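Reader: I am new to this structure and would like to learn how to read it with care. Could you take me through it step by step?

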Amino acid sequence: MKRKLAAGNWKMNGSRAALAEFDAMQPGVTDSVEMVICPPATLVATAVEKAGALGIGGQTCHVKASGAHTGDISAAMLKDAGASYVITGHSERRTDHGESNADVAAQSTAAWEAGLVAIICVGETLEERESGATLNVIAEQLAGSIPDAATAANTVVAYEPVWAIGTGKVPTLEQIAEVHDDMRAKLSDRFGTEIADGMRLLYGGSVKAGNAAEIFAVPNVDGALVGGASLKAADFLPIAETLGAA
């Protein structure tokens, strides 16, 4: 039975003082639930020291292990700092930095080579949702963003509809189920049922304690990628505890 995952993406937020929240998050880590925090790169090494039972990840990585890439951070550097995960392909990276599916695939490969688990993000815009293109968009992103060497051990897939991130808007349970069921089927067709069933599929986009139980009850939802609600233990811990009870 695969361990469920509650992953927190702090984005460009947080300070060393904010790491004090880790102490109150510890009860959420159980035999059935893993918790991971992805703070800004400046905090990764310090976060690892204070993590306790929490896992620590980066928010992105360069495709190269080293070199003349001012301002970038490699997967090898994240691993050296003590990280065990890295997010690749988040919609904000795809939009703000123009990262393509091919870029995401290269980053994910770099993550694996450094010994990190890649949390590969996919998701449609509101325009794509309203035009009925969601499943086609997700299928294209899965095909182009996930390298052929993906396994249940090195890959987590996070579905984050772009229009639901930080907006308070959440897809219907039927919409979440449709996408997660289709992702599982697509992964099974490509990698085989055993690998696909072992891959954890997360939902992300305005997840909070108030809606977590109904989201986690949706088949093929194995956890959540949480943004703002992961900054405070009072908000994030109930989500992890709800995941454990699902």
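**Salt bridges, a helix and its packing**

Author: Let us begin with one residue, keeping in mind that this is a predicted model. At a relative accessible area of 29%, Lys2 is partly exposed, because that value falls between the cut-offs of 20% and 50%.

Reader: Which residue does the side chain of Lys2 meet in a salt bridge?

Author: The partner is Asp222, with 3.9 Å from N to O, and this lies within the 4 Å that the rule allows. The two residues come from distant parts of the chain, 220 residues apart: Lys2 sits in the segment before strand E1 (4–9), whereas Asp222 lies in the loop between helix H10 (209–216) and strand E8 (223–226). Asp222 is buried, since its relative accessible area is 11%. The pair also belongs to a network of salt bridges that links Lys2, Arg184 and Asp222.

Reader: How many salt bridges does the rule count?

Author: The count comes to 9 salt bridges, and two further examples are useful to read side by side. In one of them, the side chains of Arg190 and Asp148 meet at 2.6 Å, N to O. That pair again links distant parts of the chain, 42 residues apart, with Arg190 in helix H8 (residues 173–191) and Asp148 in the loop between helix H7 (134–145) and strand E6 (155–159). Arg190 is partly exposed at 34% relative accessible area, while Asp148, at 65%, counts as exposed. In the other example, Arg129 forms a salt bridge with Glu124, and their closest N and O atoms are 3.1 Å apart.

Reader: Are Arg129 and Glu124 buried or exposed?

Author: Arg129 is buried, with a relative accessible area of 14%, and Glu124 is buried as well, with a value of 0%.

Reader: Turning to helices, what span does H5 reach from its first C-alpha to its last?

Author: H5 has 13 residues and reaches 18 Å, which is close to the 18 Å expected at 1.5 Å a residue. Just after this helix, Gly115 takes a positive phi of about 90 degrees.

Reader: Which residues of H5 are buried, and what do they pack against?

Author: The buried residues are Asn101, Val104, Ala105, Gln107, Ser108, Ala110, Ala111 and Trp112. Their packing partners are helix H3 (75–80), strand E4 (85–88), helix H4 (91–96), strand E5 (117–122), H7 and E6. Gln107 serves as a single case to follow, and it is found in H5, which covers residues 101–113. Its relative accessible area is 5%, so Gln107 counts as buried, the cut-off being under 20%. If neighbours within four places in sequence are left aside, Gln107 is in contact with Thr60, Cys61, Val63, Thr88, Gly89 and Glu99.

Reader: How are two packed helices described?

Author: In general, the description uses the angle between their axes and the distance between the axes. Here, H5 and H7 pack at an angle of about 45 degrees, and their axes are 7 Å apart. The two helices are therefore oblique to each other, and their crossing is right-handed.

Reader: Which residues meet where H5 and H7 pack?

Author: From H5 come Asn101, Ala102, Val104, Ala105 and Ser108, and these meet Glu140, Gln141, Gly144 and Ser145 in H7. Looking back at the burial of H5, Asn101, Val104, Ala105 and Ser108 are also among its buried residues.

Definitions and conventions
Residues are numbered from 1 along each chain as its sequence is written. This is a predicted model: local features need pLDDT of at least 70, side-chain atom pairs count only at pLDDT 80 or more; totals for chains, interfaces and linings use all residues. Side-chain values use heavy atoms; hydrogens and water are left out. Helices (H or I, at least four residues) and strands (E, at least two) are DSSP runs, numbered from the N terminus. Buried means under 20% relative accessible area, exposed over 50%, partly exposed in between (1.4 Å probe, protein chains only). Contact means heavy atoms within 4.5 Å. The expected span of a helix is 1.5 Å times one less than its number of residues. Axes are lines fitted to C-alpha atoms, for helices over the stretch in contact, and angles run from 0 to 180 degrees between N-to-C directions. Angles under 35 degrees count as roughly parallel, over 145 as roughly antiparallel, 65 to 115 as roughly perpendicular and the rest as oblique. A crossing is left-handed if the near helix is turned anticlockwise from the far one by less than a right angle, and right-handed if clockwise.
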